[in-house]
Amino acid sequence: MATAQLSHAIRIHKASKETVFPSEITSERESLILVKKLFATSISCITYLRGLFPESSYGERHLDDLNLKILREDKKCPGSLHIIKWIQGCFDALEKKYLHMAILTLYTNPEEPEKVTEIYQFKFKYTKEGATMDFDSSSTSFESGTKSEDIKKASIVLVRKLYTLMQNLGPLPNEVVLTMQLHYYNAVTPHDYQPPGFREAVSSRFLLFEGEPVTLRVGLVSSGFHGMKVKVTADAVRAPDLDHSLFQENSITEIAHQGLDCEEEEEEEEEEEEPSNQIQRMNFLCSQQSSESPGKKRKVSEQ
């Protein structure tokens, strides 16, 4: 899906009683609602502040002092309708607890979709442990927090950091193409499952990054039933003045040259590991084989 970049500015709005996220997170259903809204809000933030769709494709919601723009059906803009269908497809996979990762990529040449210029990763986990909060990219953390206000606070912090990042990235090329790929938890996902708006990935391929990639970890929100982790990879040229410390707790050498976060993580007790820096900076592995053994292919869908 090709789109021309527009220019948008975000306004600060006075506090409103209207809420974006659920006020209480005491059940798996309420947690699912939170994750859905957090995912849709994040995608809307990215597409709006990167200038991908016109103002008419967004409705207005308020989160504390932020004036949020949320994607809505706009028949005058087919591109935004496609994105909404992708989000709804992700919702279906989330409801079934199949979705492991949604990867939104932007590239400039329709003939070379493997050469990407920006990558947005959304990783999901499903647990029934006590709620915990952890941020890869901030000193702020909530350990073993079970209060709904802590979960909501963590969600707001993630959205604010994503907005800060989008507002500080340099402009995209005039013409970009969007694509989304979904990775699943093989152990529970039926072989023939495809969410609405998606199909089985035709082929697995490496993604080649145009420019000097910088990977920024925006954050992680966990409710005790679901977890959502967000990473952004952009061209370093678009982030020359960005304060990397806002998005990365560790040393700056760990920000750049990292591959897609495609490990399996199907066992709850397995500790999460970050991709090795041995991955070549120009090769972001985004295939059915990902980081797994040759005999254990990951199920992948594309729009």
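Start your tour by selecting T179, which sits in strand β6 (residues 175–184). Keep in mind as you look around that this is a predicted model.

**First stop: T179**

Is T179 buried or exposed? Its relative accessibility is 12%, so T179 counts as buried, the cut-off for that label being under 20%. Now show what surrounds T179. Setting aside neighbours within four places in sequence, T179 is in contact with W86, I103, L104, T105, Y107 and Q303.

**Just before the strand: N174**

Next, pick N174, in the loop between α3 (148–168) and β6. N174 has a relative accessible area of 64%, so this residue is exposed. Add G51 to your selection and draw a distance between the two C-alpha atoms: N174 and G51 are 123 residues apart along the chain, and their C-alpha atoms are separated by 9.9 Å.

**Zoom out: the whole chain**

Switch to a cartoon view of the protein chain, where there are three helices and twelve strands. Of its 303 residues, 54% count as buried. Among contacts with a separation of 6 or more, 75% are between residues 24 or more positions apart.

**Into the core**

Now select F39, F122, F124 and M166. These are the residues with the most contacts inside the largest nonpolar core, which has 66 residues. Which helix should you colour here? Choose α1, the source of the largest share of this core, with eleven residues. For a second group, select Y107, V116, I119 and V177: they are among the eight residues of another core, which lies apart from the largest one. You have already met Y107 as a contact of T179.

As background, nonpolar side chains tend to be buried together in soluble globular proteins.

Stay with F122 for a moment. Beyond its neighbours within four places in sequence, F122 is in contact with F39, S42, I43, I46, H100, M101, A102, M228, K229 and V230. Show the rings of F39, F122 and F124 as sticks, and you have one aromatic cluster in view.

**Ring against ring**

How many aromatic pairs does the structure hold? There are six. Select Y48 and Y58 to see one that is edge-to-face, with the rings 4.9 Å centre to centre and 75 degrees between the planes. This pair links distant parts of the chain, as Y48 belongs to helix α1 and Y58 to strand β2 (residues 58–63), ten residues apart. Both Y48 and Y58 are buried.

Then move to Y184 and Y193. Their ring centres are 5.8 Å apart and their planes lie at 85 degrees, so this pair is edge-to-face as well; the cut-off for that label is over 60 degrees. Y184 and Y193 are both buried.

**Last stop: a pocket**

Finish at the second largest pocket, with a volume of about 230 Å³. To find it, select K37, A40, T41, I70 and L71, the closest to its centre of the twelve residues that line this pocket. Colour α1 (28–49), β3 (66–71) and α2 (78–95), the elements that each give two or more residues to the lining. Which of them gives the most? That is α1, with five residues. Finally, colour the lining of this pocket by residue type: seven are nonpolar, two polar and three charged.

Methods. Residues numbered from 1 in each chain as written. Predicted model: local features only at pLDDT ≥ 70, side-chain atom pairs only at ≥ 80, totals over all residues. Heavy atoms only, no water. 1 Å grid on protein atoms, 1.4 Å probe; cavity = no way out; pocket = protein on both sides within 12 Å on 5 of 7 lines; lining within 4 Å. Points joined across faces, edges and corners; volume = space filled by probe spheres on them. Helix = DSSP H or I, 4+ residues; strand = E, 2+ residues; numbered from the N terminus. Nonpolar A, V, L, I, M, F, W, Y, C, P; charged D, E, K, R; others polar. Phe/Tyr/Trp six-rings, centres within 6.5 Å; stacked < 30°, edge-to-face > 60°. Buried < 20%, exposed > 50% of the residue type's maximum accessible area, 1.4 Å probe, protein only. Core = buried A, V, L, I, M, F, W, Y, C linked by side-chain atoms within 4.5 Å. Contact = heavy atoms within 4.5 Å.
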